[in-house]
Amino acid sequence: MKLVPLGDRVVLKQLVAEETTKSGIVLPGQNKEKPQQAEVIAVGPGGVVDGKEIQMEVKVGDQVIFSKYAGTEVKLDDTEYIVVKQNDILAIIQ
């Protein structure tokens with residue numbers, strides 16, 4: 001199966017949280033938050049959304065930072081994805 005986003009939606013695959021800090025301290029599982037960094041897996045066509053012309057600014061393969069409580073989590077073929085609107089993406093990591 002394959003996720004194909006519609007409109008200004010983007011499918012993200014969240015990056016794995018690091019289990020140790022830079023100084024070497026191991027973080028316990030319950031204290032870790034999921035990072036707000038993800039890789040773009042699929043991008044919708046954009047077009048006219050709510051009467052406004054939307055041009056997609058991200059592309060497949062981009063690493064992005066997105067809003068903390070944004071999107072809808074979807075599990076497909078034992079892989080978790082997040083479907084967000086493009087305006088929930090805050091930045092592209094270069």
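Colleague: How many salt bridges does the structure hold?

Modeller: The structure, which is a predicted model, holds two salt bridges. One joins D8 and R9, and in the other the side chains of D62 and K59 meet.

Colleague: What makes the pairing of D8 with R9 a salt bridge?

Modeller: The closest N and O atoms of D8 and R9 are 3.7 Å apart. The criterion asks for a side-chain nitrogen of Lys or Arg within 4 Å of a carboxyl oxygen of Asp or Glu, so the pair of D8 and R9 qualifies.

Colleague: Why is the pairing of D62 and K59 called a salt bridge?

Modeller: For D62 and K59 the N to O distance is 3.2 Å. The limit is 4 Å, and therefore this pair also counts as a salt bridge.

Colleague: Is D62 buried or exposed, and which term applies to K59?

Modeller: D62 has 10% relative accessibility, and because buried means under 20%, D62 counts as buried. K59 has a relative accessible area of 54%; exposed means over 50%, so K59 is exposed.

Colleague: How do you know that D8 counts as buried, and what is R9?

Modeller: D8 stands at 8% relative accessibility, under the 20% limit, and is therefore buried. R9 stands at 34%, in between 20% and 50%, so the term for R9 is partly exposed.

Colleague: Where is D8 placed, and which residues does D8 touch?

Modeller: D8 is in the segment before β1. Residues up to four places away in sequence being set aside, D8 touches V49, I54, M56, V84, K85 and Q86.

Colleague: What does the secondary structure come to?

Modeller: There are zero helices and eight strands. Read from the N terminus, the elements run β-β-β-β-β-β-β-β. Of contacts between residues at least 6 apart in sequence, 63% join residues at least 24 apart.

Colleague: How much of the protein counts as buried, and how much area is exposed?

Modeller: Of the 94 residues, 26% count as buried. The protein exposes about 6800 Å², and carbon and sulfur atoms supply 50% of this area.

Colleague: Which residues make up the largest nonpolar core?

Modeller: The largest nonpolar core has 12 residues in all: V10, L12, A38, V40, M56, V58, V64, F66, A70, I82, V84 and I89. At least two residues of this core come from each of β1 (9–14), β2 (37–43), β5 (63–66) and β7 (79–85). There is also a second, separate core of five residues, including V11, A42, L76 and Y81.

Colleague: Why is V64 called buried?

Modeller: V64 has a relative accessible area of 0%, and buried means under 20%, so V64 is buried. V64 is found in strand β5.

Colleague: Which residues are in contact with V64, and which with A70?

Modeller: With neighbours within four places in sequence left aside, V64 is in contact with L12, Q36, Q37, A38, V40, V58, I89, A91, I92 and I93. On the same basis, A70 is in contact with I82, V84 and D88. As for distance along the chain, V64 and L15 are 49 residues apart in sequence, while their C-alpha atoms are 9.9 Å apart in space.

Colleague: Which residues make the nonpolar surface patch, and why is L90 called exposed?

Modeller: The patch of about 250 Å² is made by I65, L90 and I93. L90 lies in strand β8 (residues 89–93). At 59% relative accessibility, L90 is over the 50% limit and therefore counts as exposed. Membership of a patch asks for over 30% relative accessible area, so the 59% of L90 meets that condition as well.

Colleague: What is the phi of D77, and what is the phi of D78?

Modeller: D77 has a positive phi of about 55° although it is not a glycine. D78, likewise not a glycine, has a positive phi of about 60°. Most residues other than glycine have a negative phi. D77 is found in the loop between β6 (72–76) and β7, and D78 lies in the loop between β6 and β7.

Colleague: How do you know that D77 and D78 are exposed?

Modeller: Exposed means over 50% relative accessible area. D77 has 55%, so D77 is exposed. D78 has 74% and therefore also counts as exposed.

Methods
Residues numbered from 1 in each chain as written. Predicted model: local features only at pLDDT ≥ 70, side-chain atom pairs only at ≥ 80, totals over all residues. Heavy atoms only, no water. Patch = residues over 30% accessible without salt bridge, like charges linked within 9 Å, V, L, I, M, F, W, Y side chains within 5 Å. Areas by Shrake-Rupley, 256 points an atom, 1.4 Å probe, with all protein chains shown as cover. Helix = DSSP H or I, 4+ residues; strand = E, 2+ residues; numbered from the N terminus. Buried < 20%, exposed > 50% of the residue type's maximum accessible area, 1.4 Å probe, protein only. Core = buried A, V, L, I, M, F, W, Y, C linked by side-chain atoms within 4.5 Å. Contact = heavy atoms within 4.5 Å.
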